[in-house]
Amino acid sequence: MSGDRLLNACRGQPVDVTPVWFMRQAGRYLPEYRAIREHHSILEICHDPTLAAEVSLQPVTRFEPDAAIVFADILLPFEPWGLGLSFHPGEGPVLDHPIRTADHVEGLRVLDPHTDLGFVLETVRLVSQELGHRVPVIGFAGAPFTLASYAIEGGASRQFIETKRFMYGQPEAWHALLSTLAATVGQFLAAQAKAGAQVLQLFDSWVGCLAPSDYRRFVLPHSRQALTLAAAAGTPTIHFGTCTATLLDAMADAGADVISVDWRIPLDRAWRHFPDRAIQGNLDPAALLAPAPELRTQVHDVLARAARRPGHIFNLGHGVLPQTSPDHVRATIDLVREYRP
């Protein structure tokens, strides 16, 4: 491992080997994580910095990737807002009090990361102290649109009907909501940097449901606000999204140092949309379920498209699937580090 690989790649600088880490690299596919989950809920782990730090470090100990990402959840800001966050087996996150009215939006405040989310900052400190300069720690937060979609839908969604109904039907309340979210997550990211995170990732997992014109009108100003606040800490920023092939030009305008792309667009084609930025991605997570020869083919295809150009961070287009064998995660890291064009 080299603590400089990821940071140099974020800045578009040459590296000895392509840096590699994985979204959800700590989680359900690891037996050591499942052992902890037998006794603790997701929210219990998030609220206990010692446990959260232990989970964050599990994949670093096992695989030696080029970064550790803090174990937390993008929806944690909903707790101090009183939205009634819980996680249901087989259903995912559920909110008892979704946001549906302008009055509800007016009652929301910009959160203080130290008083409202201080347990996450403590996790960042613990992980950073444990790792020292071995590898950088990645802090993260949900992007304004993705958080708004969860808050309005009351959980995960496939069609985002209530989200778009709110966006089109109550535009003033929509922009007020996203402005509050942008200020909250931007300050939260900056606070994570001060606590020790060396890279910051903004997760916009669901923004791919929007048309490009709607993204620019209803989302871009708020993503830019969040990233501007985060970047004030002097820490490289990554803008993550899925199904965003039609949004890449606009996402680049939001200002992150690195744009993360998924497998639905070839990496080299995606990079043409923002040639002055670094790129992260873009292996299909399902490729880690494939037999070894096919996994090798898939990994090499991504690396060949990157062509050793400075600024590539190898990652999945989304998170590690629960069915993934840890051996295949290890094999993928080895394939990236052994690759020679």
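A residue counts as buried when its relative accessible area is under 20%, as exposed when that area is over 50%, and as partly exposed in between. Keep those cut-offs handy for the views below, and remember that this is a predicted model.

**Figure 1. R308, a residue with a positive phi in a loop.** Look for R308 in the loop between α15 and β9 (312-313). Its phi is near 60 degrees, which is a positive value in a residue other than glycine. Why does that deserve a close-up? Because most residues other than glycine have a negative phi. Is R308 buried or partly exposed? Its relative accessible area is 39%, so R308 is partly exposed, sitting between the 20% and 50% cut-offs.

**Figure 2. C243, another positive phi in a loop.** Here we've moved to the loop between β6 (237-241) and α13 (248-253), which is where you'll find C243. This residue isn't a glycine, yet its phi is positive, near 55 degrees. As for its surroundings, C243 has a relative accessible area of 37%, so it goes down as partly exposed.

**Figure 3. A cis peptide bond between G281 and N282.** Zoom in on the bond that joins G281 to N282: it is cis, with omega at about -5 degrees. That's worth a second look because most peptide bonds are trans. N282 belongs to the loop between β8 and α15.

**Figure 4. Q280, a buried glutamine in strand β8.** Q280 is found in β8, a strand that covers residues 278-280. How much of Q280 is accessible? The relative accessible area is 0%, so Q280 is buried. Its side chain still has polar partners: one polar contact, of 3.2 Å, goes to the side chain of Q201, and another, also listed at 3.2 Å, goes to the side chain of S260. Which residues does Q280 touch once you set aside its neighbours within four places in sequence? The contacts are W21, M23, Q201, I238, V258, I259, S260, V261, I313 and N315.

**Figure 5. D66 and R337, a salt bridge between distant parts of the chain.** The structure holds 13 salt bridges, and this view shows one of them, formed by D66 and R337 with their closest N and O atoms 3.2 Å apart. The two partners are 271 residues apart: D66 is in the loop between α4 (49-63) and β1 (68-69), while R337 is in helix α16 (residues 326-338). Both D66 and R337 are buried. They also have company, as R5, D16, D66 and R337 are linked in a network of salt bridges.

**Figure 6. D116 and R109, a salt bridge with one buried partner and one partly exposed partner.** In this pair, the closest N and O atoms of D116 and R109 are 2.9 Å apart. D116 has a relative accessible area of 15%, so it counts as buried. R109, on the other hand, comes in at 40% and is partly exposed.

**Figure 7. R305 and D268, a salt bridge that ties two helices together.** The side chains of R305 and D268 meet at 3.1 Å, N to O. R305 lies in helix α15 (residues 292-306) and D268 in helix α14 (residues 267-271), so this pair ties together parts that are 37 residues apart in sequence. Are these partners buried or partly exposed? R305, at 33% relative accessibility, is partly exposed, and so is D268, at 24%.

**Figure 8. The largest pocket and its lining.** About 1200 Å³ of space lies in this pocket. What lines it? There are 37 lining residues, and R24, R28, I42, D73 and F87 lie nearest the centre. Helix α2 (31-37) and strands β2 (85-88) and β3 (92-95) each supply at least two residues of the lining. By type, the lining divides into 23 nonpolar, nine polar and five charged residues.

**Figure 9. The second largest pocket.** The volume here is about 180 Å³. Its lining is made of 14 residues, and those nearest the centre are W206, T242, W263, R264 and H318. What mix of residue types is in this lining? Six are nonpolar, five are polar and three are charged.

How values were computed:
Residues are numbered from 1 along each chain as its sequence is written. This is a predicted model: local features need pLDDT of at least 70, side-chain atom pairs count only at pLDDT 80 or more; totals for chains, interfaces and linings use all residues. Side-chain values use heavy atoms; hydrogens and water are left out. Helices (H or I, at least four residues) and strands (E, at least two) are DSSP runs, numbered from the N terminus. Buried means under 20% relative accessible area, exposed over 50%, partly exposed in between (1.4 Å probe, protein chains only). A polar contact is a pair of N or O atoms within 3.5 Å; within protein, one must be able to donate a hydrogen and the other to accept it, and residues adjacent in sequence count only if both atoms are side-chain atoms. Contact means heavy atoms within 4.5 Å. A salt bridge is a side-chain nitrogen of Lys or Arg within 4 Å of a carboxyl oxygen of Asp or Glu. On a 1 Å grid over the protein atoms alone, a cavity is a set of points where a 1.4 Å probe fits but cannot get out, and a pocket is an open set with protein on both sides within 12 Å along at least five of seven lines; lining residues have an atom within 4 Å of a point. Grid points are joined across faces, edges and corners, and a volume is the space filled by probe spheres set on the points. Ala, Val, Leu, Ile, Met, Phe, Trp, Tyr, Cys and Pro count as nonpolar, Asp, Glu, Lys and Arg as charged, and the others, Gly among them, as polar.
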